[in-house]
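Work through the following exercises with the sequence and the model open side by side. Each task sentence is followed by a solution that proceeds step by step.

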Amino acid sequence: MSIQKLFSAPLHVVNVGIEAFKDTCEKYSPPAVQVDWRPPVDVAPDSEAILAKRAAKIDKANQKVMEIILAGTPKLVGLDIARNVVPGMTEDTILHAGPPITWDRMCGPMRGGVMAGLVYEGRATTIEEAEKLAASGKIKYAPCHEHAAVGPMAGIVTPSMPVMIIRNEKFGNVAYCTLNEGLGKVLRYGAFGEEVTKRLKWMETVLYPVLKAAIAHSGPIDLKNLIAQALHMGDEVHNRNRAGTSLLYRAIAPSIVATCANKDDAVAVLNFINGNDHFFLNLSMPACKATLDAARNVKGSSIAVVMARNGTDFGVQLAGTGDLWFTAPAEVPDALYFAGFSKADANPDIGDSAITETGGLGGFAIAAAPAIVQFVGGAAGDALRYTLSMYEITAGESRMYQIPALDFRGTPTGIDVRKVVEKNLVPVIDTGVAHKKAGVGQVGAGIVAAPMGPFAKAYDALAKLLK
Amino acid sequence: MNTVGRVKQGFYFDSVTLMRVGRELSGFPGVAEASVVMATEANKSILAMSDLLLSEFKKSGDQDLLIVVKAKDAKAADAALAKAEELLSRKKKPAAAGGTAAPAPRDVASAVAGLPGANLALISVAGRYAAREARKALDLGLHVMLFSDNVSIEEEVALKKFAHKKGLIVMGPDCGTSIVNGVPLAFANVVSKGPIGIVGASGTGTQEVTCIIANEGSGVSQAIGTGGRDVKDAVGGIAFLDAMQALADDRETKVILLVSKPPQPGVLKKIYALIRKIKKPVVALFLGEGGTPATLEQAALLAVAHANRADPVQALAHLTRRDEVLAAEARALVAKRKKTKGRYLRGLFSGGTFCAEAQVVLDGIVRHLYSNAPLGDSLKLKNAWKPEKNSVVDLGEDEFTVGRAHPMIDFTLRNKMILEQAADPDVAVILLDVVLGYGANLDPAAELVPVIQKAAKQVFVVAGVNGTIGDPQNRAQVVEALREAGAHVQLTNAAACKLAGLIAAEVARKNR
């Protein structure tokens with residue numbers, strides 16, 4: 001554009017800074033736009049210049065990554081026991097949510113989950129025994145994410161637990177997730193005791209075989225399709241899974257009836273699913289995991305393939321930085337708390353469920369879920385603004401997952417760490433909040449801003465790689 | 001006294017907004033002092049000087065907002081803190097709260113994506129971030145006006161070279177004024193469209209010539225600011241020369257007017273070479289260089305004469321007659337006043353170029369002229385805060401503005417100095433500039449009138465009101481209010497300086 005050309009066209013100003021200047025421009029030559037500017041994030045001094053110089057290479061890598069993410073076709077293809085299928089699962093392995101962590105740094109709910117897992121496995125008979133074993137160094141703790149798995153809240157996976165198998169048909173990779181236990185005293189919030197063990201045993205001996213037979217009968221369930229429908233029905237598939245659960249129920253109920261010889265078991269399984277609005281969370285999560293895992297290890301890409309929290313740290317992985325974790329302390333959510341609880345009771349952010357946001361769902365799709373807007377400020381407009389703001393930090397839009405209230409615009413998908421850092425805008429996560437004491441359970445829910453630290457570190461690391 | 005404060009992490013507001021909030025807090029019942037600033041090192045050192053740097057502030061950084069209130073008791077302090085939160089949250093939640101308004105874009109790139117036809121980025125963030133934003137805007141093919149100061153000369157050169165290569169212009173850094181396609185940008189006045197194109201390396205200089213042109217019934221095609229440093233050899237006049245060429249090529253521009261302090265030799269040579277190539281009349285004012293035009297007023301009138309195809313000599317002759325009228329007025333005013341004290345003039349300027357023009361005008365009218373920004377034969381003030389003999393002070397210089405908003409917005413400091421100077425037994429005349437237009441204080445009379453009323457009892461107060469009838473302040477009302485308060489008002493800075501100088505000379509003669 002020459003200066004001459006500026007004189008001959010209407011002036012349209014992008015204003016960065018003093019807002020009064022924009023008002024004048026708007027008055028004399030509308031429209032003008034005000035940038036909601038923030039000081040840049042503290043990163044290594046040469047990172048921005050390096051990434052700017054390599055922008056073409058990064059953009060190309062990101063394009064490849066986005067193509068993989070958008071083309072993913074996650075399907076529920078079956079169930080099995082973790083030890084049989086989860087890669088690297090040994091008898092001493094316990095998988096957990098979030099980035100790697102040692103026993104001494106685990107938060108209350110995660111420790112509770114580990115101990116409950118050891119009792120469930122029969123490795124200990126009392127909690128004291130379980131605690132001793134957990135701290136002994138004998139148990140190998142590893143992130144679910146490093147074993148092609150994800151788990152909500154504490155995310156504990158032990159060898160005997162049944163897992164659902166989600167296959168990304170397009171790319172052939174597989175992801176695993178345990179079955180959702182429902183509410184009340186549950187392991188994922190760190191509860192332990194007889195009730196917890198009993199339910200886990202029932203899931204292993206009744207729920208698992210019934211579902212396994214049913215899925216074998218129904219054939220693969222197309223999760224991408226179910227999620228897309230669920231979004232049109234008011235779910236964002238992180239904090240609200242009522243529609244997804246209902247759709248799944250409709251999809252498999254006939255097969256359960258057809259394959260389960262024991263009528264009492266069939267009724268119990270159907271009632272269990274029907275009574276747990278979050279049953280589908282354990283499918284929306286691995287659906288995102290299977291989709292995103294296919295996009296790992298694309299050299300130069302700045303797109304996040306993992307956001308996960310272990311209740312102590314918040315971790316991020318990029319498609320372009322291999323298996324490296326970038327972490328910072330997880331924050332205590334500023335959420336909406338249930339009656340009788342407050343922020344003082346809350347555990348720092350926990351769970352692999354932020355994989356939904358990483359995949360363009362959850363908080364990124366909150367505009368699709370007006371029923372839960374009380375978690376985000378009370379008005380439907382607030383939910384819309386959250387979703388709209390996430391387009392600022394994403395590389396693309398979903399072709400399949402749409403927001404009706406935005407005229408069916410695809411959800412913001414593919415978090416670009418460059419945009420997060422350079423715009424100083426972190427992803428929003430629509431999450432449940434766990435009590436900091438093991439086993440108390442959920443105490444609130446709401447929108448949580450991811451900490452900037454992991455993104456700043458990932459940004460610097462990518463710059464270093466591309467230097 | 002109770003001093004309480006809060007650190008708000010990860011909040012950002014522009015300095016003008018924070019100043020407004022701070023000022024509103026200071027007027028809150030029981031509050032002695034209040035400050036709302038971003039936690040930069042500079043701001044923290046200012047807080048420390050006024051004993052407002054609470055211990056909890058020490059660890060805060062650039063991205064944190066500090067609120068501190070000193071009040072007569074804890075209750076008043078807490079109430080003020082709550083008020084601060086309310087003011088800031090109101091700011092953050094526009095009228096659309098609850099509605100479905102899209103969130104504002106977070107950077108230039110997303111702003112451009114949502115604004116088809118975007119062609120200029122106006123950047124006024126803190127200097128250390130400004131070059132980064134300007135670079136992004138240039139990358140996206142936008143012209144840039146860089147209002148921010150404190151951008152290094154290396155960054156300025158790099159940006160301007162890059163822009164030049166892309167056929168873009170970077171106005172600034174430290175560019176206060178431009179008018180592009182009739183749109184007043186940053187600190188600018190409302191003037192009609194017309195035949196005169198301006199290239200200005202001085203913000204208030206550009207404001208003054210555009211106002212005079214409009215007040216004379218002519219108009220402005222474009223006024224392109226370049227920032228004062230552009231005409232230094234280190235920058236090489238990149239923006240200045242590009243703007244000249246653009247105006248030369250512009251069909252609406254019939255006359256080109258250049259306004260700057262004297263460029264450095266290398267740049268001056270290039271400007272002259274380009275003037276020779278341009279086929280349109282070019283009026284050049286390099287303020288302080290001598291010759292004709294010597295003042296902003298002369299330069300503007302010459303440009304108007306050329307635009308009207310009138311005789312430039314006649315235009316200047318008209319000024320000579322005007323000056324005779326001013327001389328008569330000065331004699332009459334001094335004769336009419338029963339008691340006159342002192343003999344010196346003290347000019348307190350919010351516009352740097354007005355202070356420079358004052359020195360040109362006053363040269364030969366008063367002797368022993370001092371300034372903190374001396375020009376020509378003027379002497380350098382030892383201490384800008386303590387004017388001596390005949391002095392003109394530029395309150396926009398760094399010694400006055402660190403940690404404070406520009407004196408065109410915030411009158412507090414100058415009001416204090418007006419009263420101090422009026423009380424000085426040696427002072428006979430106080431000279432002020434009152435800049436109107438966008439960006440400037442929107443109600444200058446409200447703050448100036450009580451001060452002028454007091455000062456006018458002790459000394460002559462002369463004010464130049466620099467603006468147009470289209471400006472948002474309502475010039476007629478401002479002039480009327482200042483006159484009623486006791487000021488002698490002129491509508492150009494040169495005329496005000498002349499009148500003030502003549503009065504000072506007359507008083508000196510009388511009291512000799």
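**Exercise 1. Find the residues that A188(B) touches beyond its neighbours within four places in sequence, and say whether A188(B) is buried or exposed.**

Solution. Taking two residues to be in contact if their C-beta atoms, placed from the backbone, lie within 7 Å, and leaving aside neighbours within four places in sequence, one finds A188(B) in contact with T177(B), S178(B), I179(B), Q207(B), G437(B), Y438(B) and G439(B). The model is a predicted one, in which local features need pLDDT of at least 70 and side-chain atom pairs count only at pLDDT 80 or more, while totals for chains, interfaces and linings use all residues. Residues are numbered from 1 along each chain as its sequence is written, and chains are lettered from A and ligands numbered from 1 in the order in which they are written.

Next, locate the residue: A188(B) sits in the loop between strand 8 (183–186) and strand 9 (193–200) of chain B, where helices (H or I, at least four residues) and strands (E, at least two) are DSSP runs numbered from the N terminus. Finally, count its surroundings: A188(B) has 28 other C-beta atoms within 10 Å and is therefore buried, the term being used for 20 or more such atoms, with exposed meaning 12 or fewer and partly exposed the range in between, C-beta atoms again being placed from the backbone.

**Exercise 2. Compare the expected and actual spans of helix 10 of chain B, and establish how many of its residues are buried.**

Solution. The expected span is 1.5 Å times one less than the number of residues, so the 12 residues of helix 10 (residues 296–307) of chain B should span 16 Å, in agreement with the 16 Å between its end C-alpha atoms. Turning to burial, 12 of the 12 residues are buried, so helix 10 of chain B is largely enclosed by the rest of the structure; among them are L296(B), E297(B), H306(B) and A307(B). After helix 10 of chain B comes R309(B), whose phi is positive, near 55°.

**Exercise 3. Describe how helix 8 of chain A packs against helix 10 of chain A.**

Solution. With axes taken as lines fitted to C-alpha atoms, for helices over the stretch in contact, and angles running from 0 to 180 degrees between N-to-C directions, helix 8 (residues 194–218) and helix 10 (residues 242–259) of chain A pack at about 110°, their axes 8 Å apart. The two helices of chain A, helix 8 and helix 10, are therefore roughly perpendicular, since angles of 65 to 115 degrees count as such, under 35 as roughly parallel, over 145 as roughly antiparallel and the rest as oblique. Helix 8 of chain A contributes residues including V210(A) and H217(A), and helix 10 of chain A residues including A251(A) and T259(A). By class, this contact of helix 8 with helix 10 of chain A holds 8 nonpolar, 4 polar and no charged residues, where Ala, Val, Leu, Ile, Met, Phe, Trp, Tyr, Cys and Pro count as nonpolar, Asp, Glu, Lys and Arg as charged, and the others, Gly among them, as polar.

**Exercise 4. State how many residues of chain A and of chain B are in contact, and which element of chain A supplies the largest share of its side.**

Solution. The count gives 42 residues of chain A in contact with 53 residues of chain B. On the side of chain A that touches chain B, the largest share, 6 residues, comes from helix 2 of chain A. By class, that side of chain A divides into 25 nonpolar, 10 polar and 7 charged residues.
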